[in-house]
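Student: Could you go through this structure with me, one question at a time?
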Amino acid sequence: MCTLVAKKFPDVGWVGVKNRDRPAATHSNLLRDRINSIERVAVVDEDTSWSEGMNSHGVSIISSSLSAVVSGSIHTSKDGIRIRDALTQTNVRAAVDMLVEHGICGNVLVFDRNSMWCIEGETGDHKQVVGEVTEDWIARTNHGVWLPSAGYQRDSGNRILEMR
């Protein structure tokens with residue numbers, strides 16, 4: 001499972017980290033470009049088009065998928081393009097609004113040093129819950145918190161099943 005953790009430090013602001021533990025090797029490249037005077041840098045998985053990154057205004061985006069992954073096949077993500085597009089925004093709220101408008105899925109943290117927003121989006125029903133993080137930390141992984149039916153599920157024996 002991928003895990004996102006973010007903490008707000010008193011003299012630093014928000015800091016976010018992610019582990020990615022997909023079983024297959026990834027073919028990732030670093031994208032660095034400038035669009036309309038906004039510089040952005042993102043990690044791009046060349047096989048799936050998945051992306052995460054930050055821009056010159058301090059807007060950062062990391063995410064953990066809630067969508068189904070089929071063993072042995074490659075799933076191309078439209079969300080990677082959506083994330084790269086959101087990284088052209090000058091502030092967190094504009095990036096969040098763009099991601100919500102375009103139907104981002106998964107657990108997505110969008111933040112700068114001063115504010116943190118979480119988007120939880122489910123692919124099946126196209127539901128989204130969006131909220132500003134008011135605590136000084138947040139953690140998410142490959143299952144729903146605000147949308148409990150999203151992502152990894154447990155069966156009646158409390159065993160984790162494949163993602164939907």
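Student: How many residues of β6 are buried?
Tutor: This is a predicted model, in which local features need pLDDT of at least 70 and side-chain atom pairs count only at pLDDT 80 or more, while totals for chains, interfaces and linings use all residues. Residues are numbered from 1 along each chain as its sequence is written, and side-chain values use heavy atoms, with hydrogens and water left out. Strands (E, at least two residues) and helices (H or I, at least four) are DSSP runs, numbered from the N terminus, and buried means under 20% relative accessible area, exposed over 50% and partly exposed in between, with a 1.4 Å probe and protein chains only. β6 is mostly covered, and the buried count is 5 of 5.

Student: Which residues of β6 point the other way from Ser60, Ile62 and Ser64?
Tutor: The side chains of β6 point two ways, and the residues on both sides are buried. Ser60, Ile62 and Ser64 take one side, which leaves Ile61 and Ser63.

Student: In β6, which residue is the bridge partner of Gly53?
Tutor: Strands of a sheet pair through backbone hydrogen bonds, either parallel or antiparallel. Two strands count as paired if DSSP finds at least two bridges between them. β5 and β6 have 2 bridges and are antiparallel. Opposite Gly53 in β6 is Ile61.

Student: Which residue in β7 stands opposite Ser63?
Tutor: β6 also runs antiparallel to β7 (residues 106-111), joined by 5 bridges. Across from Ser63 in β7 is Val108.

Student: Which strands stand at the edges of the sheet?
Tutor: The open sheet has 7 strands in the order β3-β4-β5-β6-β7-β8-β9, with antiparallel pairing. An edge strand has a single partner, so one side of it is left without a neighbour in the sheet; this holds for β3 (28-35) and β9 (127-132).

Student: What angle does the direction of helix α1 make with that of β5?
Tutor: Helix α1 (residues 79-86) packs on the sheet and touches β3, β4, β5 and β6, where contact means heavy atoms within 4.5 Å. Axes are lines fitted to C-alpha atoms, for helices over the stretch in contact, and angles run from 0 to 180 degrees between N-to-C directions. For α1 and β5 the angle is about 0 degrees.

Student: Why does Val12 count as partly exposed?
Tutor: Val12 lies in the loop between β1 and β2. Val12 counts as partly exposed because its relative accessibility is 47%.
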